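Biologist: Before we begin, could you show me the chain we are going to discuss, so that I can follow along?

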Amino acid sequence: MNKIVSKKQLSADVYEMTVEAPLIAGARKAGQFIIVQIDSDWGERIPLTTADADTAVGTITMVFQAVGATTHKLALKEPGDHVENILGPLGNPTHIEKFGTVVCVGGGIGVAPLFPIVQAMKKAGNTVKVITGARTKELLIFEDRMRRFADELVIVTDDGSCGRKALVTEPLKEYCAGKPKPDMSVAIGPPVMMKFCAATTKEFDVPIMVSLNTIMIDGTGMCGGCRVTVGGETKFVCVDGPEFDGHAVDFENMMLRMRSYKEKEDEDHHKCHVDLGLDN
Ligand code: FES
């Protein structure tokens with residue numbers, strides 16, 4: 001059982017929740033994830049990333065979007081309530097080294113897991129240029145946190161309500177076309193965003209790491225739910241990833257697999273709204 005210490009609503013559907021988890025706080029590294037089960041042995045297991053941790057007090061901070069039945073239920077929990085189980089840290093940490101200049105791109109909720117990577121890349125001595133994007137100003141998160149670590153921060157929104165009216169690929173392309181070009185790039189966000197970030201960097205021969213956010217069940221390599229094709233080989237995101245060479249990922253196949261449960265998810269989402277009295 002993990003006690004919820006604080007909860008903050010970052011935007012319409014996005015929440016930041018800090019919970020007691022001293023062992024995970026001490027062990028987690030940038031790029032790793034956790035699996036959360038909110039209320040019973042039979043509850044759904046959802047993969048989330050830790051956006052931050054405080055080893056002194058033994059807490060981790062997770063950022064999640066209330067998009068499905070379980071995340072809605074999690075969003076309704078309050079400080080003092082408990083989360084039944086948190087498993088982690090899982091997956092491989094991000095490969096951090098002094099590359100030189102690293103461009104980090106985050107879209108939507110993907111900005112949260114990008115934050116520890118930005119911190120770690122900066123700590124390793126890199127010049128870190130960050131691009132964060134959202135559909136609109138209200139959905140932008142982590143601006144202050146990013147400003148503390150980024151050498152440059154470019155904010156873009158689809159509607160121009162904050163920063164540049166552009167997709168994240170526009171400033172990414174400008175950075176890649178600059179001289180000298182970046183030595184490394186990282187992208188975390190919706191699959192389609194990562195797909196186009198990979199295509200943009202490939203044009204300039206800039207390497208890119210992407211963190212894949214597939215469906216996960218056990219998180220330990222046994223169920224096969226998270227399988228993806230990378231460089232023509234089958235990989236499991238939970239044990240082989242979650243980060244992969246973005247130029248080698250078959251994004252079409254990944255997006256097709258992620259859509260296979262859409263109908264069922266929509267059904268559960270609607271049922272959850274009715275059960276929780278969120279539909280008026
Ligand atoms: S989540 Fe089951 S194999 Fe990866």
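What follows is a conversation about a predicted model.

Biologist: Which two domains give residues to the largest nonpolar core, and where does that core lie?

Modeller: The core holds 75 residues, and those that touch the most other members are Cys104, Val105, Val118, Val186, Ala187, Cys197 and Val210. The largest share of this core, seven residues, is supplied by helix H3, which covers residues 111–123. Because residues of the core come from both domains, it lies between domain 1 (2–90) and domain 2 (101–259).

Biologist: Which residues does Cys197 touch, leaving aside those up to four places away in sequence?

Modeller: Cys197 is among the core residues that touch the most other members. With residues up to four places away in sequence left out, the contacts of Cys197 are Val105, Val168, Thr169, Leu172, Ala187, Ile208 and Gly246.

Biologist: Which strands does H3 lie across, and at about what angle does H3 run to E8?

Modeller: The helix has 13 residues and reaches 18 Å from its first C-alpha to its last, which is close to the 18 Å expected at 1.5 Å a residue. Its buried residues are Val111, Ala112, Pro113, Leu114, Phe115, Pro116, Ile117, Val118 and Met121, and just after the helix Gly125 takes a positive phi of about 100 degrees. H3 lies across strands E8 (101–107), E9 (127–134), E12 (184–188) and E13 (208–211), and the angle to E8 is about 165 degrees.

Biologist: In the open sheet of seven strands, which are the edge strands?

Modeller: The order of the strands in this sheet is E11-E10-E9-E8-E12-E13-E16, and the pairing is mixed. Strand E10 (residues 152–157) pairs with E11 in the parallel sense over two bridges, and Val156 stands opposite Arg164 in E11. Each edge strand pairs on one side only, and these strands are E11 (164–165) and E16 (243–245).

Biologist: Is Phe244 buried or exposed?

Modeller: Phe244 lies in strand E16, and, not counting residues up to four places away in sequence, it touches Val210, Leu212, Val230, Lys235 and Val249. A residue is called buried if 20 or more other C-beta atoms lie within 10 Å of its own. Phe244 has 22 C-beta neighbours inside 10 Å, so it counts as buried.

Biologist: What distance separates the C-alpha atoms of Phe244 and Met209?

Modeller: These two residues, Phe244 and Met209, are 35 residues apart along the chain. In the model, the separation between the C-alpha atoms of Phe244 and Met209 is 5.5 Å.

How values were computed:
Residues are numbered from 1 along each chain as its sequence is written. This is a predicted model: local features need pLDDT of at least 70, side-chain atom pairs count only at pLDDT 80 or more; totals for chains, interfaces and linings use all residues. A nonpolar core is a set of buried Ala, Val, Leu, Ile, Met, Phe, Trp, Tyr and Cys residues joined through C-beta atoms within 7 Å. A residue is buried if 20 or more other C-beta atoms lie within 10 Å of its own, exposed if 12 or fewer, and partly exposed in between; C-beta atoms are placed from the backbone. Helices (H or I, at least four residues) and strands (E, at least two) are DSSP runs, numbered from the N terminus. Domain bounds come from an automatic or database domain assignment. Two residues are in contact if their C-beta atoms, placed from the backbone, lie within 7 Å. Two strands pair if DSSP finds at least two bridges between them. Axes are lines fitted to C-alpha atoms, for helices over the stretch in contact, and angles run from 0 to 180 degrees between N-to-C directions. The expected span of a helix is 1.5 Å times one less than its number of residues.
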